[in-house]
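Got your viewer open? Let's take a walk through this model together, one selection at a time.

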Amino acid sequence: MFTKAIYATTLLSALAVAAPAPQVPGYNDADFPVTVSQDTGAPASTFGPDSQINAILTTPGTLAPPRRSSDVTGATSHGPFSGTATTTGAEQAPTTLGTAIEPLPPNPTATYYNANGKLQNPAPIPYTPAGGLGTNGTEPRYMVNSDFDYESITLGLYQEWIELDLFNNGLAVFSEQDFLDAGLTAEDRSYIAFMAIQETGHATLLSNMLGESAPPQCTYDYPFTTVREFIDFNQKLTRWGESGVWGFINHLDSREVGQLLSQSIATEARQQMSFRQMLGLHPMPVWFETGIPQSWAWSYLAPYISSCPENTTRLAWQNFPALHIVNQANPNRFSPNDTAAYEVTGNRTADPSKSTIPADESCVNLNTTGYACGPAIARNRSEPLTFPGRQVNLTWDVPGQAVGPNNSYVTSSSAGQPLFVAWVAQLNLTYTPLTITGENEGYTYQPASEVYEGDPALNGTAFVALTDSDIFLTPFNLSMINPHVVALGLYQAG
């Protein structure tokens with residue numbers, strides 16, 4: 001027995017050494033032989049001549065469709081608008097039919113259910129199940145098909161234009177050394193420059209789907225003073241840009257427009273992830289991306305547009321008052337819970353966190369796992385930016401503030417007194433009670449809601465609103481919350 005016990009222990013030890021690392025709790029079939037020996041010779045030191053391979057000179061058979069924007073274009077001046085608005089308010093329809101959309105039961109045609117996994121209806125052609133929209137052979141028309149489509153895609157174009165200017169602006173105003181001090185090399189600068197070129201294609205695509213009234217590029221007023229703040233603003237701006245499209249894309253009347261838009265917003269998602277990596281944040285700390293209503297995306301975007309050319313197409317979406325997170329977590333700190341009140345660069349909702357903090361409080365140049373926040377493929381923090389149960393201190397603006405291009409839009413709210421804080425993250429809408437502590441100020445606590453077991457709903461760059469009620473809504477009908485929104489903000493969770 002003693003001999004057998006020693007044998008068993010020795011065998012288990014050998015298996016433990018052979019098993020791959022890291023170990024995954026609960027995974028019991030990890031003995032697949034995947035480990036191979038790596039060559040340990042010296043790396044290459046010379047890299048020429050270039051490879052020789054058979055090739056021919058090729059050229060495109062036809063001229064490529066023109067872009068509306070060149071690689072670098074648009075306004076060369078930046079800063080706040082100082083003139084007087086000649087037009088104020090959102091674009092209005094000839095008449096308005098009501099003040100809110102009343103909840104209705106499910107669509108009476110939504111009755112399909114498949115209990116056995118078999119096809120339930122005759123197939124139109126072989127290997128093609130019955131159903132689907134736009135699959136009956138009609139020629140696609142890649143143009144907006146309603147006022148809803150037009151206003152949604154125009155909002156998207158405003159977003160693409162600012163991204164084109166923003167990415168180029170950061171490369172223009174900060175030196176190579178500024179980027180190196182933030183841990184970003186010439187290759188990273190080239191990557192950002194390529195993102196700007198991507199935006200010329202996106203702006204052209206959306207302009208073509210709108211037609212001759214598509215708005216041009218405008219002049220912008222940015223909130224950053226350092227490279228880190230530039231990157232932080234980029235990850236916030238691309239977050240609401242992406243989420244704004246996920247919120248309306250499946251409501252478009254033109255499914256053809258939705259198809260092309262989805263193929264552009266997939267790139268936007270990669271941009272947002274990349275900027276998070278450059279800031280030393282986890283690149284994708286969620287299981288699902290969030291969708292938000294158009295008026296939310298416009299409320300975040302408009303304060304950063306200084307002015308637009310005369311007769312630029314106006315938008316119909318609402319501009320909500322700003323909600324300010326007093327103790328917004330600062331991702332530049334190795335201890336983000338020691339962030340001071342209003343430690344952001346300005347007073348607009350999406351202004352980045354200040355990076356000009358004392359060196360002995362910063363995580364930027366640390367080389368300690370769990371505390372460093374320099375650029376990386378992925379980072380884990382020993383101390384999270386935020387956590388469930390954290391007190392979140394809030395202040396909010398009153399309606400009636402002039403915002404947006406030429407100060408020509410006005411913030412508004414049709415809600416009553418604020419009672420709740422609505423957290424919109426991933427697939428969830430979670431409410432927490434608001435405690436009022438003074439005029440337009442109060443606090444709540446970060447919720448601990450989960451999408452599914454093991455997936456905290458609130459993570460990454462999330463959306464938060466004050467509301468006068470806690471009505472039940474889901475991702476597809478979230479816009480019905482708008483009449484109840486008092487103010488709107490961004491929350492840096494994680």
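Start by selecting Trp423 and Tyr491: both of these residues are buried. Keep in mind throughout that this is a predicted model. The ring centres of Trp423 and Tyr491 sit 5.1 Å apart with the planes at 80°, so this counts as an edge-to-face pair. Now colour by secondary structure: Trp423 belongs to strand 7 (residues 420-425) and Tyr491 to strand 12 (residues 485-492), so the pair links distant parts of the chain, 68 residues apart.

**More rings**

That pair has company, as the structure holds 23 aromatic pairs. Another one to pick out is Phe174 with Phe230, a tilted pair with 6.2 Å from centre to centre and 50° between the planes. Phe174 is in the loop between helix 2 and helix 3, while Phe230 is in helix 5, so this pair ties together parts that are 56 residues apart in sequence. Both Phe174 and Phe230 are buried. Widen your selection and you'll find a cluster linked by ring pairs, including Phe174, Phe230, Phe233, Trp240, Tyr300 and Phe463.

**Into the core**

Nonpolar side chains tend to be buried together in soluble globular proteins. Here, the largest nonpolar core has 75 residues, and the members that touch the most others are Ile192, Ile231, Trp240, Trp296 and Trp298. Which helix gives the most to this core? It's helix 2, with 11 residues. Click on Trp298 and show its surroundings: among its contacts are Leu155, Tyr158, Leu315, Trp317 and Tyr409. There is also a second, separate core of 18 residues, which includes Leu434, Leu458, Val486 and Ala493.

**Along helix 4**

Next, select helix 4, residues 186-210. How far apart are its end C-alpha atoms? They are 37 Å apart, which agrees with the 36 Å that 25 residues should span at 1.5 Å a residue. Colour its buried residues, among them Ile192, Met195, Ala196, Glu199, His202, Ala203 and Leu206. As a reminder, an α-helix has 3.6 residues a turn, so residues three or four places apart point the same way. Switch on the neighbours and you'll see what covers the buried residues of helix 4, including helix 2 (147-173), helix 3 (176-181), helix 5 (227-248) and helix 6 (255-278). Just after helix 4 comes Gly211, with a positive phi near 100°.

**A serine next door**

Hop over to Ser274 in helix 6. Is Ser274 buried or exposed? Ser274 is buried, because its relative accessible area of 5% falls under the 20% cut-off. Its side chain makes a polar contact with the side chain of Tyr191, at 2.5 Å. Leaving out residues up to four places away in sequence, Ser274 touches Tyr191 and Met195.

**Last stop: Ala90**

Finally, find Ala90 in the loop between helix 1 (2-18) and helix 2. With a relative accessible area of 23%, Ala90 is partly exposed. Try drawing a distance from Ala90 to Ala316: these two are 226 residues apart in sequence, but 4.7 Å apart in space, C-alpha to C-alpha. Setting aside residues up to four places away in sequence, Ala90 touches Leu315, Ala316, Trp317 and Tyr409. Before you leave Tyr409, show Arg314 too: its charged end sits over the Tyr409 ring, 4.2 Å from the ring centre.

Definitions and conventions. Residues numbered from 1 in each chain as written. Predicted model: local features only at pLDDT ≥ 70, side-chain atom pairs only at ≥ 80, totals over all residues. Heavy atoms only, no water. Helix = DSSP H or I, 4+ residues; strand = E, 2+ residues; numbered from the N terminus. Expected span 1.5 Å × (residues − 1). Buried < 20%, exposed > 50% of the residue type's maximum accessible area, 1.4 Å probe, protein only. Contact = heavy atoms within 4.5 Å. Phe/Tyr/Trp six-rings, centres within 6.5 Å; stacked < 30°, edge-to-face > 60°. Lys NZ or Arg CZ within 6 Å of the ring centre and 35° of its normal. Core = buried A, V, L, I, M, F, W, Y, C linked by side-chain atoms within 4.5 Å. Polar contact = N/O pair within 3.5 Å; in protein donor to acceptor, adjacent residues only side chain to side chain.
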